[in-house]
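Welcome to a short tour of this protein chain. Have the sequence and the model at hand, and we will walk through them together.

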Amino acid sequence: MAKKTKYLNVREIQNAYEIVISTKEVHAEMEEELDSVMHMLFFQTRSHIQMDLSNLPYLPITLLTKLLNMARDLRLKKRVLVLNGLTLSSYHYLKRFGLIRLVFPSEAILRESHRVPRG
């Protein structure tokens with residue numbers, strides 16, 4: 001299932017589906033599309049979900065909260081949501097509230113997912 005939507009690219013990778021956000025802005029239409037794709041993957045597959053956030057310059061707290069809720073729901077189904085390219089501020093938020101293990105199930109995934117600072 002490789003699908004191009006207006007703001008997202010979705011493709012099947014080994015043992016997971018990858019969602020790449022192709023826009024640089026977070027707005028209502030993009031969030032609706034993301035909700036739709038995430039729920040479709042949640043209910044119609046049994047795979048893990050990996051999301052690439054590296055195109056976004058920042059991650060609003062409302063979107064981060066939605067992603068954390070989805071990660072929790074996936075965890076209950078013995079699946080994981082992995083966030084790649086997470087902004088530093090979002091990483092610190094997760095760390096402060098002890099939520100790192102929710103979206104980074106292992107140290108190796110945490111190291112691989114760090115965003116390279118723009119310089």
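Following the sequence from start to end, the protein chain runs through the pattern β-β-β-α-β-α-β-α-α-α. That comes to five helices and five strands. Please keep in mind that this is a predicted model. Of the 119 residues in the protein chain, 45% are buried. Among contacts between residues at least 6 apart in sequence, 63% join residues at least 24 apart.

## Helix packing

Let us begin with α1 and α2. Their axes come within 12 Å and cross at roughly 5°. Angles under 35 degrees count as roughly parallel, so α1 is roughly parallel to α2. On the α1 side, the contact is made by M30, E31, L34, D35, M38, H39 and F42, and these meet T62, L63, K66, L67, M70, D73 and L74 of α2. By residue type, the contact of α1 with α2 holds eight nonpolar, two polar and four charged residues.

Helix α2 (residues 61-76) also packs against helix α3 (residues 88-96), with axes that come within 12 Å and cross at roughly 50°. This angle makes α2 oblique to α3. The crossing of α2 and α3 is right-handed. Here I61, L64 and L68 of α2 meet S90, Y93 and L94 of α3. Sorted by type, the residues of the contact of α2 with α3 are five nonpolar, one polar and no charged.

## The nonpolar core

Which residues touch the most other members of the largest nonpolar core? They are I19, L34, M38, M51, L53, L67 and L81, out of 34 residues in that core. At least two residues of this core come from each of β2 (8-13), β3 (16-21), α1 (28-44), β4 (48-52), α2, β5 (81-84), α3 and α4 (100-103). Helix α2 gives the largest share of this core, with seven residues. Two of the names above are already familiar from the helix packing: L34 of α1 and L67 of α2 both take part in the contact between those helices.

## A closer look at I49

I49 is part of strand β4. Is I49 buried or exposed? I49 counts as buried because its relative accessibility is 1%. Leaving aside neighbours within four places in sequence, I49 is in contact with Y17, I19, M38, L41, L74, V80, L81 and V82. Among these partners, I19, M38 and L81 are also listed with the core residues that touch the most other members. I49 and A16 lie 33 residues apart in sequence, yet their C-alpha atoms are 5.4 Å apart in space.

## Two loop residues with positive phi

Most residues other than glycine have a negative phi. Two loop residues in this model have a positive value instead. N15 lies in the loop between β2 and β3, and K78 lies in the loop between α2 and β5. With relative accessibility over 50% taken as exposed, both residues count as exposed. The table sets them side by side.

| Residue | Phi | Loop | Relative accessibility |
|---|---|---|---|
| N15 | near 65° | between β2 and β3 | 55% |
| K78 | near 65° | between α2 and β5 | 73% |

Note on methods: Residues are numbered from 1 along each chain as its sequence is written. This is a predicted model: local features need pLDDT of at least 70, side-chain atom pairs count only at pLDDT 80 or more; totals for chains, interfaces and linings use all residues. Side-chain values use heavy atoms; hydrogens and water are left out. Axes are lines fitted to C-alpha atoms, for helices over the stretch in contact, and angles run from 0 to 180 degrees between N-to-C directions. Helices (H or I, at least four residues) and strands (E, at least two) are DSSP runs, numbered from the N terminus. Angles under 35 degrees count as roughly parallel, over 145 as roughly antiparallel, 65 to 115 as roughly perpendicular and the rest as oblique. A crossing is left-handed if the near helix is turned anticlockwise from the far one by less than a right angle, and right-handed if clockwise. Contact means heavy atoms within 4.5 Å. Ala, Val, Leu, Ile, Met, Phe, Trp, Tyr, Cys and Pro count as nonpolar, Asp, Glu, Lys and Arg as charged, and the others, Gly among them, as polar. A nonpolar core is a set of buried Ala, Val, Leu, Ile, Met, Phe, Trp, Tyr and Cys residues joined through side-chain atoms within 4.5 Å. Buried means under 20% relative accessible area, exposed over 50%, partly exposed in between (1.4 Å probe, protein chains only).
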